[in-house]
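Student: Could you take me through the place where the ligand sits, and what surrounds it there?

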Amino acid sequence: MSNDVGTLYVVATPIGNLEDMTYRAVRVLSEVELIAAEDTRVSRKLLHHYGISTRLTACHEHNERNKTRNLLRFLQQGKSIALISDAGTPLVSDPGYKLVHAAIENGIRVIPVPGACAAIAALSAAGLPTDSFSFEGFAPAKQGARTKFYEERKHETRTLIFYEVPHRIVVSIDDMTAIFGPTREAAIARELTKKFETIRYGTLGGLCEDVVWQDPKHLRGEFVVVVEGSRANRVPDTLDREAQRIVRILLRQLATKQAAALAAEITGVRKQQLYRFALSAKDT
Ligand code: SAM
(Lines give C-alpha, C1' and ligand atoms only; values in the text may rest on other atoms or scores of the structure.)
Protein backbone atom coordinates (compact mmCIF):
# COMPACT_ATOMS: atom_id res chain seq x y z
CA MET A 1 0.00 0.00 0.00
CA SER A 2 2.98 2.37 -0.45
CA ASN A 3 2.30 5.47 -2.53
CA ASP A 4 3.44 9.12 -2.61
CA VAL A 5 1.29 9.82 0.41
CA GLY A 6 -0.26 7.13 2.56
CA THR A 7 -3.95 6.66 3.32
CA LEU A 8 -5.57 6.81 6.72
CA TYR A 9 -8.21 4.09 7.08
CA VAL A 10 -10.75 4.50 9.90
CA VAL A 11 -11.76 0.94 10.61
CA ALA A 12 -14.74 -0.21 12.67
CA THR A 13 -14.33 -3.38 14.73
CA PRO A 14 -17.00 -5.47 16.55
CA ILE A 15 -18.77 -4.23 19.70
CA GLY A 16 -18.82 -7.71 21.17
CA ASN A 17 -19.64 -10.38 18.63
CA LEU A 18 -16.53 -11.16 16.60
CA GLU A 19 -18.67 -12.23 13.64
CA ASP A 20 -19.42 -8.56 13.10
CA MET A 21 -15.93 -7.91 11.72
CA THR A 22 -16.17 -7.19 8.00
CA TYR A 23 -14.08 -8.96 5.34
CA ARG A 24 -12.86 -5.56 4.27
CA ALA A 25 -11.75 -4.61 7.78
CA VAL A 26 -9.67 -7.81 8.00
CA ARG A 27 -8.08 -7.14 4.61
CA VAL A 28 -7.28 -3.48 5.30
CA LEU A 29 -5.85 -4.24 8.75
CA SER A 30 -3.67 -6.94 7.18
CA GLU A 31 -2.42 -4.70 4.36
CA VAL A 32 -1.58 -1.40 6.07
CA GLU A 33 1.92 -0.72 7.40
CA LEU A 34 0.73 0.32 10.86
CA ILE A 35 -2.37 0.06 13.05
CA ALA A 36 -2.98 2.91 15.50
CA ALA A 37 -5.06 1.43 18.32
CA GLU A 38 -6.66 2.91 21.43
CA ASP A 39 -5.38 0.09 23.64
CA THR A 40 -2.83 -2.19 22.01
CA ARG A 41 -3.52 -5.02 24.51
CA VAL A 42 -7.22 -5.10 23.59
CA SER A 43 -6.52 -4.87 19.87
CA ARG A 44 -3.76 -7.47 19.94
CA LYS A 45 -6.33 -10.08 21.00
CA LEU A 46 -8.69 -9.03 18.21
CA LEU A 47 -5.95 -9.09 15.58
CA HIS A 48 -4.69 -12.43 16.81
CA HIS A 49 -8.21 -13.84 16.33
CA TYR A 50 -8.12 -12.91 12.63
CA GLY A 51 -4.48 -13.87 12.12
CA ILE A 52 -3.40 -10.26 11.49
CA SER A 53 0.23 -9.53 12.33
CA THR A 54 0.48 -5.82 11.37
CA ARG A 55 2.53 -3.64 13.72
CA LEU A 56 0.52 -1.83 16.40
CA THR A 57 1.05 1.53 18.02
CA ALA A 58 -0.98 3.19 20.79
CA CYS A 59 -3.09 6.24 20.00
CA HIS A 60 -5.39 7.20 22.85
CA GLU A 61 -6.87 10.32 24.40
CA HIS A 62 -3.74 10.99 26.50
CA ASN A 63 -1.18 10.87 23.68
CA GLU A 64 -3.29 11.70 20.63
CA ARG A 65 -1.87 15.21 20.20
CA ASN A 66 1.80 14.14 20.11
CA LYS A 67 1.07 10.90 18.40
CA THR A 68 -0.76 12.68 15.58
CA ARG A 69 2.51 14.41 14.54
CA ASN A 70 4.37 11.08 14.29
CA LEU A 71 1.53 9.38 12.48
CA LEU A 72 1.26 12.26 9.99
CA ARG A 73 4.98 11.96 9.22
CA PHE A 74 4.48 8.26 8.65
CA LEU A 75 1.60 8.93 6.26
CA GLN A 76 3.62 11.60 4.46
CA GLN A 77 6.32 9.01 3.84
CA GLY A 78 3.79 7.12 1.74
CA LYS A 79 2.83 4.53 4.32
CA SER A 80 -0.75 3.71 5.21
CA ILE A 81 -2.28 3.52 8.66
CA ALA A 82 -5.48 1.98 10.01
CA LEU A 83 -7.05 3.61 13.02
CA ILE A 84 -9.09 1.37 15.32
CA SER A 85 -10.59 1.75 18.78
CA ASP A 86 -11.27 -0.87 21.45
CA ALA A 87 -14.69 -1.58 19.99
CA GLY A 88 -17.00 -0.21 17.33
CA THR A 89 -16.42 2.83 15.19
CA PRO A 90 -13.41 5.02 16.05
CA LEU A 91 -14.19 8.68 16.90
CA VAL A 92 -17.70 7.79 18.14
CA SER A 93 -17.11 8.54 21.85
CA ASP A 94 -13.60 7.28 21.13
CA PRO A 95 -10.24 8.85 20.20
CA GLY A 96 -9.24 9.68 16.63
CA TYR A 97 -10.76 13.09 15.92
CA LYS A 98 -7.43 14.95 16.12
CA LEU A 99 -5.71 12.49 13.81
CA VAL A 100 -8.49 12.45 11.21
CA HIS A 101 -8.75 16.25 11.30
CA ALA A 102 -4.99 16.69 10.92
CA ALA A 103 -4.86 14.15 8.09
CA ILE A 104 -7.51 16.04 6.13
CA GLU A 105 -5.75 19.38 6.78
CA ASN A 106 -2.57 17.86 5.39
CA GLY A 107 -4.18 16.55 2.22
CA ILE A 108 -4.12 12.92 3.27
CA ARG A 109 -6.92 10.71 2.04
CA VAL A 110 -9.13 9.36 4.81
CA ILE A 111 -11.13 6.24 4.01
CA PRO A 112 -13.79 4.90 6.39
CA VAL A 113 -14.21 1.16 6.66
CA PRO A 114 -17.67 1.00 8.25
CA GLY A 115 -18.99 -1.61 10.62
CA ALA A 116 -20.43 -1.93 14.12
CA CYS A 117 -21.46 1.08 16.17
CA ALA A 118 -23.42 0.63 19.42
CA ALA A 119 -25.46 3.81 18.91
CA ILE A 120 -26.69 2.80 15.47
CA ALA A 121 -27.26 -0.83 16.49
CA ALA A 122 -29.42 0.34 19.43
CA LEU A 123 -31.30 2.86 17.29
CA SER A 124 -32.05 0.23 14.67
CA ALA A 125 -33.83 -1.93 17.26
CA ALA A 126 -35.36 0.78 19.48
CA GLY A 127 -38.60 1.18 17.56
CA LEU A 128 -38.37 4.96 17.75
CA PRO A 129 -38.30 7.44 14.85
CA THR A 130 -35.04 7.22 12.92
CA ASP A 131 -35.68 9.87 10.25
CA SER A 132 -33.89 12.35 12.45
CA PHE A 133 -31.87 11.58 15.58
CA SER A 134 -29.24 13.09 17.81
CA PHE A 135 -26.26 11.20 19.22
CA GLU A 136 -25.47 12.66 22.65
CA GLY A 137 -22.65 10.40 23.85
CA PHE A 138 -22.10 10.15 27.62
CA ALA A 139 -23.89 12.44 30.08
CA PRO A 140 -21.49 14.03 32.59
CA ALA A 141 -20.69 12.00 35.71
CA LYS A 142 -21.36 14.73 38.28
CA GLN A 143 -25.00 15.13 39.36
CA GLY A 144 -25.27 18.90 38.75
CA ALA A 145 -23.67 18.80 35.32
CA ARG A 146 -25.71 15.75 34.37
CA THR A 147 -29.01 17.37 35.33
CA LYS A 148 -28.05 20.45 33.29
CA PHE A 149 -27.08 18.23 30.36
CA TYR A 150 -30.53 16.60 30.31
CA GLU A 151 -32.29 19.95 30.88
CA GLU A 152 -30.56 21.32 27.79
CA ARG A 153 -31.92 18.43 25.73
CA LYS A 154 -35.44 18.49 27.15
CA HIS A 155 -37.03 20.21 24.13
CA GLU A 156 -35.13 18.27 21.48
CA THR A 157 -37.69 16.71 19.13
CA ARG A 158 -35.29 14.27 17.48
CA THR A 159 -34.78 10.79 18.91
CA LEU A 160 -31.95 10.97 21.46
CA ILE A 161 -29.19 8.39 21.82
CA PHE A 162 -27.06 8.24 24.97
CA TYR A 163 -24.17 6.02 25.99
CA GLU A 164 -24.07 5.09 29.65
CA VAL A 165 -21.83 3.22 32.06
CA PRO A 166 -23.33 0.48 34.26
CA HIS A 167 -22.87 2.28 37.60
CA ARG A 168 -24.85 5.29 36.41
CA ILE A 169 -27.59 3.66 34.33
CA VAL A 170 -30.23 3.73 37.08
CA VAL A 171 -29.53 7.28 38.21
CA SER A 172 -29.50 8.46 34.60
CA ILE A 173 -32.88 6.86 33.85
CA ASP A 174 -34.20 8.49 37.05
CA ASP A 175 -32.86 11.88 35.96
CA MET A 176 -34.28 11.54 32.46
CA THR A 177 -37.67 10.52 33.86
CA ALA A 178 -37.71 13.56 36.14
CA ILE A 179 -36.56 15.97 33.42
CA PHE A 180 -38.06 14.60 30.19
CA GLY A 181 -41.21 13.33 31.93
CA PRO A 182 -42.34 9.75 32.59
CA THR A 183 -44.39 9.26 29.40
CA ARG A 184 -41.61 9.38 26.84
CA GLU A 185 -40.99 6.10 25.04
CA ALA A 186 -37.49 4.68 25.38
CA ALA A 187 -35.34 1.61 24.85
CA ILE A 188 -32.44 0.47 27.00
CA ALA A 189 -30.05 -1.73 25.03
CA ARG A 190 -27.56 -3.71 27.07
CA GLU A 191 -24.66 -5.86 25.91
CA LEU A 192 -25.57 -5.61 22.24
CA THR A 193 -24.34 -8.49 20.08
CA LYS A 194 -23.08 -10.30 23.20
CA LYS A 195 -24.32 -13.34 25.13
CA PHE A 196 -26.46 -11.36 27.59
CA GLU A 197 -27.92 -8.93 25.07
CA THR A 198 -31.20 -7.46 26.34
CA ILE A 199 -33.33 -4.60 25.05
CA ARG A 200 -35.99 -3.27 27.38
CA TYR A 201 -38.76 -1.15 25.91
CA GLY A 202 -41.26 1.11 27.65
CA THR A 203 -41.90 4.61 28.86
CA LEU A 204 -39.15 6.28 30.89
CA GLY A 205 -41.41 6.08 33.95
CA GLY A 206 -42.00 2.35 33.43
CA LEU A 207 -38.33 1.62 32.77
CA CYS A 208 -37.41 3.60 35.85
CA GLU A 209 -39.71 1.42 38.00
CA ASP A 210 -38.55 -1.80 36.32
CA VAL A 211 -37.85 -4.40 39.02
CA VAL A 212 -35.08 -5.72 36.83
CA TRP A 213 -32.72 -3.13 38.31
CA GLN A 214 -32.98 -4.79 41.70
CA ASP A 215 -30.95 -7.66 40.31
CA PRO A 216 -27.27 -6.63 40.16
CA LYS A 217 -26.60 -8.81 37.14
CA HIS A 218 -28.77 -6.48 35.07
CA LEU A 219 -26.54 -3.60 36.03
CA ARG A 220 -23.48 -5.11 34.44
CA GLY A 221 -22.21 -4.57 30.92
CA GLU A 222 -22.53 -1.77 28.42
CA PHE A 223 -25.61 0.33 27.80
CA VAL A 224 -27.17 2.52 25.15
CA VAL A 225 -30.32 4.46 26.00
CA VAL A 226 -32.54 5.62 23.15
CA VAL A 227 -35.25 8.13 24.08
CA GLU A 228 -38.16 9.52 22.08
CA GLY A 229 -37.78 13.22 21.30
CA SER A 230 -40.00 15.86 22.88
CA ARG A 231 -43.60 15.63 21.66
CA ALA A 232 -44.53 19.10 22.92
CA ASN A 233 -42.32 20.79 20.37
CA ARG A 234 -43.13 18.49 17.52
CA VAL A 235 -44.93 20.19 14.69
CA PRO A 236 -48.07 18.15 13.95
CA ASP A 237 -47.69 16.35 10.63
CA THR A 238 -50.95 17.80 9.43
CA LEU A 239 -50.10 21.40 10.17
CA ASP A 240 -49.17 22.88 6.82
CA ARG A 241 -46.45 25.45 6.24
CA GLU A 242 -48.89 28.27 5.57
CA ALA A 243 -50.61 27.78 8.94
CA GLN A 244 -47.21 27.74 10.65
CA ARG A 245 -46.23 30.96 8.88
CA ILE A 246 -49.42 32.70 9.94
CA VAL A 247 -49.00 31.66 13.58
CA ARG A 248 -45.42 32.93 13.61
CA ILE A 249 -46.48 36.32 12.22
CA LEU A 250 -49.34 36.68 14.70
CA LEU A 251 -47.06 35.75 17.59
CA ARG A 252 -45.03 38.90 16.90
CA GLN A 253 -47.95 41.00 18.14
CA LEU A 254 -50.26 38.71 20.08
CA ALA A 255 -50.26 36.39 23.07
CA THR A 256 -50.11 32.66 22.29
CA LYS A 257 -53.80 32.03 22.88
CA GLN A 258 -54.95 34.97 20.76
CA ALA A 259 -52.51 34.10 17.98
CA ALA A 260 -53.81 30.53 17.89
CA ALA A 261 -57.45 31.66 17.91
CA LEU A 262 -56.97 34.16 15.10
CA ALA A 263 -54.88 31.72 13.05
CA ALA A 264 -57.68 29.16 13.47
CA GLU A 265 -60.17 31.64 12.01
CA ILE A 266 -57.88 32.45 9.09
CA THR A 267 -56.80 28.92 8.22
CA GLY A 268 -59.67 26.74 9.42
CA VAL A 269 -57.16 24.55 11.32
CA ARG A 270 -58.17 23.44 14.83
CA LYS A 271 -57.34 26.03 17.51
CA GLN A 272 -55.83 23.43 19.84
CA GLN A 273 -53.41 22.22 17.19
CA LEU A 274 -52.34 25.77 16.41
CA TYR A 275 -51.99 26.56 20.11
CA ARG A 276 -49.58 23.63 20.57
CA PHE A 277 -47.57 24.79 17.60
CA ALA A 278 -47.58 28.39 18.89
CA LEU A 279 -46.17 27.21 22.22
CA SER A 280 -43.33 25.37 20.52
CA ALA A 281 -42.67 28.23 18.10
CA LYS A 282 -42.38 30.63 21.05
CA ASP A 283 -39.95 28.25 22.77
CA THR A 284 -37.66 28.09 19.78
N1 SAM B 1 -16.92 3.57 19.44
C2 SAM B 1 -17.92 2.78 20.11
C3 SAM B 1 -19.11 2.58 19.17
O4 SAM B 1 -18.93 2.68 17.95
O5 SAM B 1 -20.20 2.31 19.61
C6 SAM B 1 -18.32 3.37 21.43
C7 SAM B 1 -17.21 3.50 22.41
S8 SAM B 1 -17.67 4.20 23.93
C9 SAM B 1 -16.12 4.41 24.70
C10 SAM B 1 -18.26 2.83 24.84
C11 SAM B 1 -19.75 2.92 25.10
O12 SAM B 1 -20.47 2.49 23.95
C13 SAM B 1 -20.24 2.03 26.23
O14 SAM B 1 -20.10 2.65 27.50
C15 SAM B 1 -21.70 1.83 25.87
O16 SAM B 1 -22.45 2.95 26.23
C17 SAM B 1 -21.60 1.76 24.33
N18 SAM B 1 -21.41 0.37 23.91
C19 SAM B 1 -20.31 -0.16 23.35
N20 SAM B 1 -20.51 -1.47 23.08
C21 SAM B 1 -21.76 -1.76 23.49
C22 SAM B 1 -22.55 -2.94 23.47
N23 SAM B 1 -22.07 -4.08 23.01
N24 SAM B 1 -23.81 -2.88 23.95
C25 SAM B 1 -24.32 -1.72 24.43
N26 SAM B 1 -23.60 -0.57 24.47
C27 SAM B 1 -22.34 -0.59 24.01
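**Around the ligand**

Tutor: Let's start with one contact: a polar backbone atom of phenylalanine 223 is 2.6 Å from an oxygen atom of the ligand. That's a polar contact, meaning a pair of N or O atoms within 3.5 Å. The protein covers 91% of the 570 Å² of accessible area that the ligand has on its own, with areas from the Shrake-Rupley method and a 1.4 Å probe. Keep in mind that this is a predicted model, where local features need pLDDT of at least 70 and side-chain atom pairs count only at pLDDT 80 or more, while totals for chains, interfaces and linings use all residues. Residues are numbered from 1 along each chain as its sequence is written, and side-chain values use heavy atoms, with hydrogens and water left out.

Tyrosine 163 has a side-chain N or O atom 2.7 Å from an oxygen atom of the ligand. At alanine 87, a backbone N or O atom lies 3.3 Å from a nitrogen atom of the ligand. The shell has 19 residues, and Thr89, Asp94, Tyr163, Leu192 and Phe223 come nearest; a residue is near if one of its heavy atoms lies within 4 Å. Why does the ligand lie between two domains? Because domain 1 (7–116) and domain 2 (119–227) both give residues to its shell, with bounds from an automatic or database domain assignment.

Terms used:
Polar contact = N/O pair within 3.5 Å; in protein donor to acceptor, adjacent residues only side chain to side chain.
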